[in-house]
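Student: Please take a close look at the interface for me. Then go on to the local geometry that deserves a check by eye.

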Amino acid sequence: MKIKNTLAPALAGLTIAAGASLTIASSHREAPSIAEDQYVDNTDVYAFISPTDSSKLVMVANYVPLLIPSSGPNFYRFSDEAYYEIHIDNDGDAKDDITYRWTFKNELKNGSTFLYNTGAVDSLSDPDLNVTQSYRLEKIEEKTGRKTRLLDKAPVAPWNVGKRSFPDYDKVANEAVKSAGGVTAFAGPRDEPFFVDLHVFDLLGVAGAPTTDGINVMSLVLEVPITDIAKGGRRPAAGSTGQDSVVGIYASASRPQVRILRRGRDSDDFGQMIQVSRLAWPLVNEVIIPLQDKDKYNRSAPKDDVKNFGAYILDPEVPKLLNAVLGAGCAPTPAGGRTDIVGLLAPNGTTAADLLRININQGETNAQSHFPNGRALADDVTDTLLTVACNNGGAIGDGVNANDKAFLTYMPYLASPHSGNP
Amino acid sequence: MHRTLLVLSMITACKSEDHRPGAPQDPPPPRLINATQHDLAKELGEATGRGTWGDVKRRWQGQTLTWKVTRYASLCRTAEACYVAAFPVQRPAKVGWLPQLMFGTGQYAVLEAACGDQPQCEITFEGRLDKLETSAEMPTNVRFADVRILTRTASR
């Protein structure tokens with residue numbers, strides 16, 4: 001990555017089951033601009049109390065949607081010309097208090113071959129693993145600007161090329177789980193945990209087909225002590241309902257402001273980093289925000305969601321669409337608008353915003369971490385959100401109710417990625 | 001060095017507003033009489049096709065306007081963070097923005113007294129549109145300052 005900051009100042013699916021269905025990918029290729037920039041397309045965010053240590057919070061940010069396992073020879077990775085970030089609001093004002101930032105670096109051992117690996121790989125340090133990535137993970141305290149380097153030159157798990165290249169892929173990938181200072185992190189390909197029927201985009205032609213089965217995604221997984229992110233470093237007492245009893249989480253990706261392509265060498269990037277993708281709740285930009293504002297949503301900040309997009313939340317399009325196309329019998333938007341949805345985006349008196357909020361009070365356990373109190377990997381958020389959107393007293397499902405692979409009970413929690421040559 | 005200067009020159013040239021010292025000042029825009037949120041939304045919609053965002057901003061920003069809006073308690077909880085719905089529920093919404101109200105002295109209390117604990121109520125206010133951010137790249141942002149509550153026209 002060559003990001004030059006010297007000029008910065010100047011450059012200053014839903015499936016209606018029970019008869020009908022509709023599925024939507026959470027935030028996969030949801031806006032025009034980001035669809036052209038796949039490597040920084042944020043697809044889903046998860047947050048849950050750790051199943052192995054209830055004093056810790058697990059956050060997952062997925063990027064690079066809909067990856068076919070046999071996608072060589074240039075297998076998918078993270079961009080080395082971007083910031084990948086998870087942001088946390090710990091006092092309810094919808095503004096960033098803590099940011100975790102990943103930056104990646106590509107490495108190539110042997111440029112004279114087209115192969116990702118030149119022999120069977122049995123460890124991350126195997127000389128036959130030709131193409132690798134590493135990353136730096138930093139914690140930024142936004143109020144003070146204090147930046148702490150948590151990990152440096154940490155390895156990214158390789159692509160699961162196939163059984164000839166990786167006789168024991170999981171052994172190799174698990175070497176990419178790294179810990180330092182109470183924080184544990186993982187970066188690399190995993191099985192796509194979001195389960196949906198993407199046939200929805202063929203005029204809502206859904207039938208419960210699990211179209212994301214067999215698909216991979218690039219995952220950032222971070223497990224941190226809750227005291228690292230709680231306001232003042234203290235978890236509120238059990239039963240607290242203050243604004244600091246929840247943290248609000250979103251993920252983003254940013255690109256350098258200017259890129260200059262060179263005829264004779266690699267390009268140069270200049271300027272400050274510009275946010276090009278963000279995500280918290282599933283499906284908000286996908287189906288709440290209309291096409292005219294989707295790219296603007298990706299560039300904006302959650303603290304401004306009400307003034308920027310509040311009218312779309314008060315009067316969403318989804319129930320009308322369900323009625324018009326599928327005769328779903330959704331309730332009409334009440335005369336007062338969908339203030340119930342506003343309420344879901346503002347628990348415990350927090351500022352309404354598209355943030356994935358989760359209770360961090362003492363005594364909270366993994367069993368309580370289910371959307372919209374955080375989001376567990378197995379949560380069927382499509383069903384939940386459709387039911388909320390339709391608002392007719394009945395449950396609506398998408399016909400796809402579980403992931404194709406079992407999730408892990410230990411870091412990195414997401415299932416191993418599908419093999420390119422099983 | 002030449003490339004750096006070229007880039008800087010291009011950026012300067014591309015800036016949409018002319019702030020050169022001594023540059024002729026545009027005459028102030030005519031006062032907008034009885035201009036409603038529907039008029040603003042229409043102009044913003046036309047700007048989308050024409051790229052005339054700056055013209056809309058010049059015409060509207062700074063104008064004192066009287067609008068009838070809906071105050072939702074959940075979106076206007078304090079004087080510092082009060083957003084109101086400029087349009088009725090339209091099935092579905094055509095624009096996303098909600099105007100922010102910055103109150104004149106004592107006026108938030110007037111609003112609270114007018115609306116009581118109703119989850120929503122319609123109000124008419126007068127205020128100066130002190131901030132209109134609108135462009136092809138970022139969401140439209142509408143803010144009124146010196147807001148004075150004129151009437152509470154209905155409640156539910």
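Tutor: The interface comes first, and selected features of chain A follow.

This is a predicted model, where local features need pLDDT of at least 70, side-chain atom pairs count only at pLDDT 80 or more, and totals for chains, interfaces and linings use all residues. Residues are numbered from 1 along each chain as its sequence is written, chains are lettered from A and ligands numbered from 1 in the order in which they are written, and side-chain values use heavy atoms, with hydrogens and water left out.

Start with the contact. Chain B brings 31 residues to it and chain A brings 33; contact means heavy atoms within 4.5 Å. About 2,500 Å² is buried between the two chains, and carbon and sulfur atoms give 62% of that. Buried area is the accessible area (1.4 Å probe) that two parts lose on being put together, summed over both.

Now the polar side of the interface. There are zero salt bridges between chain B and chain A, a salt bridge being a side-chain nitrogen of Lys or Arg within 4 Å of a carboxyl oxygen of Asp or Glu. Polar contacts join 12 residue pairs across the two chains, both residues at pLDDT 80 or more. Such a contact is a pair of N or O atoms within 3.5 Å; within protein, one must be able to donate a hydrogen and the other to accept it, and residues adjacent in sequence count only if both atoms are side-chain atoms.

Which elements of chain B supply at least two residues each to the side that touches chain A? They are helix H1 (2–14), strand E1 (64–78) and strand E2 (81–85). Helices (H or I, at least four residues) and strands (E, at least two) are DSSP runs, numbered from the N terminus. H1(B) gives the largest share, five residues. By type, this side of chain B holds 17 nonpolar, nine polar and five charged residues. Here Ala, Val, Leu, Ile, Met, Phe, Trp, Tyr, Cys and Pro count as nonpolar, Asp, Glu, Lys and Arg as charged, and the others, Gly among them, as polar.

Next, the backbone of chain A. Strands E6 (residues 131–141) and E7 (residues 146–155) of chain A pair antiparallel over seven bridges; pairing takes at least two DSSP bridges between two strands. A:Leu137 has A:Leu151 of E7(A) as its bridge partner. Four residues lie between the strands of this hairpin, where A:Gly145 takes a positive phi near 80°.

A:Ala94 has a positive phi of about 70° although it is not a glycine. A:Ala94 sits in the loop between E4 and strand E5 (98–108) of chain A.

Two proline bonds complete the tour. The bond from A:Gly72 to A:Pro73 is cis, with omega near 5°. A:Pro73 lies in the loop between strand E3 (56–67) and strand E4 (83–89) of chain A. The bond from A:Met411 to A:Pro412 is cis, with omega near 5°. A:Pro412 lies in the segment after H8 of chain A.
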